[in-house]
Amino acid sequence: MNAFRQSIEAMIPALRRYARALTRDADIADDLVQDTLVRALRAERLFVGGDLRSWLYTILTNLNRNRRRSLARRPTIMTLVDTATEASGTEAEGRDIANALAALVEDQRAALLLVVLEGLSYREVADIQGVPIGTVMSRLARARAHVKAYLEEGRPALRRVK
Amino acid sequence: MSERDIPVTEDELHAYVDDQLPAERRLAVEAWLAAHPDDAERARGWRALNEQIRDRYGRVVDEPVPQRLDLDRLMARRPRLLIFAAVAAVLLAFVVGGGAGWMAHDAFATEMTASEALRDDAVIAHKLYTKEQRHPIEVSGSEEHLLPWLSRRVGTTLRAPDLTQLNFHLMGGRLLPGPSAPAALFMYENDSGDRVTLYCTPLKVPTTGMVYKEDEGAGSVVWAHDDFGWVISGPAKKDLLKSVAAAAYAQLETW
């Protein structure tokens, strides 16, 4: 296996982790990773140096955006069934971090995970999301505010469910 | 003004929590947090959230990688792209000027010549419109209806890739007749006045890998995917066009 493929192979665990946090479903996550790997492997000849890590994260992030957009376009009944695993948690499940992340807007969730879970710099995240650093900071700030509010809001409700 | 006197910004608080703060600002931020308990509380909350996220998902990296993601298996499913590239190089020797079009020789896959014909159309359009000073594009990149309009006509959700890392800025786009359906042409420009275009239209051929070619001062990279063909055209600079194509490939909407 050549250096390009070895570098991609080394990235698989991290990509799985990112995809799992993005989608909450292990199968959907591995679907995304598989699609990302296939596309990356096909473009091998294009890759003359450059940041392979960022490139892989970019492909995966965009594949997920596209997937969610096409889910949103489907008739309501199908949408409910297919996104059941990704819907915000019910009161019985409680307001945990996974549900909090799922409740975020796609771009905010991706920005937060790329920084916190994947350890990428703000500059790298800006490149991956195709936006200025200021936009990344704004998404990060909003994501943190929303998650905090979501998790705190849960406490009174949880007491009632007891 | 020393570093400590420059006011601490909200962004710096986030950067501090994420260990992305430049070293010279550390003391200033720590002093600020010591003096502003509400901000210190928020920063602690953000750190706690970071820990929660890592605790919840960190261990995925330790899981054994499932067989379906084995690279050799994924590679085995690929079409024989190397053959196309070799054939393309041979065909180039037979191509006459701009009239390549369809080849009568049937030893070569029709799919390959369809994408080469597309390359010709795209490069012709590239050369024609990039020469324009007043009307290079029809609708500006800043107009909201650019993408919905072209997407509707071409038949797929189009997205003009962000090439700002390569210093190319989107000028806008236009609609063109393609071989079997309308085509979209996006044009980008850098500070030196170099222009690159992205051409997209329906093309019913099996997915191909990307092939670079040069022709009379213009370079181009063509690929086909999911019944659409794509061509990046620009100056005859191979590494530049390969970078543009890689960036576009990573970002395109049709997947």
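A residue is buried here if 20 or more other C-beta atoms lie within 10 Å of its own. Keep that cut-off in mind for this tour of a predicted model.

Select chain A. By that cut-off, 38% of its 162 residues count as buried. Colour chain A by secondary structure: 8 helices and 0 strands appear, and the pattern along the sequence reads α-α-α-α-α-α-α-α. Next, display the contacts within chain A that have a separation of 6 or more; 63% of these come from residues 24 or more positions apart.

Now add chain B and turn to the side of chain A that touches it. Here 44 residues of chain A are in contact with 37 residues of chain B. Select the helices of chain A that each supply at least two residues to this side: α1 (3–23), α2 (26–42), α3 (52–73), α5 (97–102), α6 (106–116), α7 (122–129) and α8 (133–161). Then pick out α1(A), which gives the largest share, 10 residues. Colouring this side of chain A by residue class gives 26 nonpolar, 7 polar and 11 charged residues.

Last, move to chain B and select residues 238–251, which form helix α8. This helix of 14 residues reaches 20 Å from its first C-alpha to its last, close to the 20 Å expected at 1.5 Å a residue. Show the surroundings of α8(B): 11 of its 14 residues are buried, so the helix is largely enclosed by the rest of the structure. To see the buried residues, select L241(B), K242(B), S243(B), V244(B), A245(B), A246(B), A247(B), A248(B), Y249(B), A250(B) and Q251(B).

Key. Residues are numbered from 1 along each chain as its sequence is written. Chains are lettered from A and ligands numbered from 1 in the order in which they are written. This is a predicted model: local features need pLDDT of at least 70, side-chain atom pairs count only at pLDDT 80 or more; totals for chains, interfaces and linings use all residues. Helices (H or I, at least four residues) and strands (E, at least two) are DSSP runs, numbered from the N terminus. The expected span of a helix is 1.5 Å times one less than its number of residues. A residue is buried if 20 or more other C-beta atoms lie within 10 Å of its own, exposed if 12 or fewer, and partly exposed in between; C-beta atoms are placed from the backbone. Two residues are in contact if their C-beta atoms, placed from the backbone, lie within 7 Å. Ala, Val, Leu, Ile, Met, Phe, Trp, Tyr, Cys and Pro count as nonpolar, Asp, Glu, Lys and Arg as charged, and the others, Gly among them, as polar.
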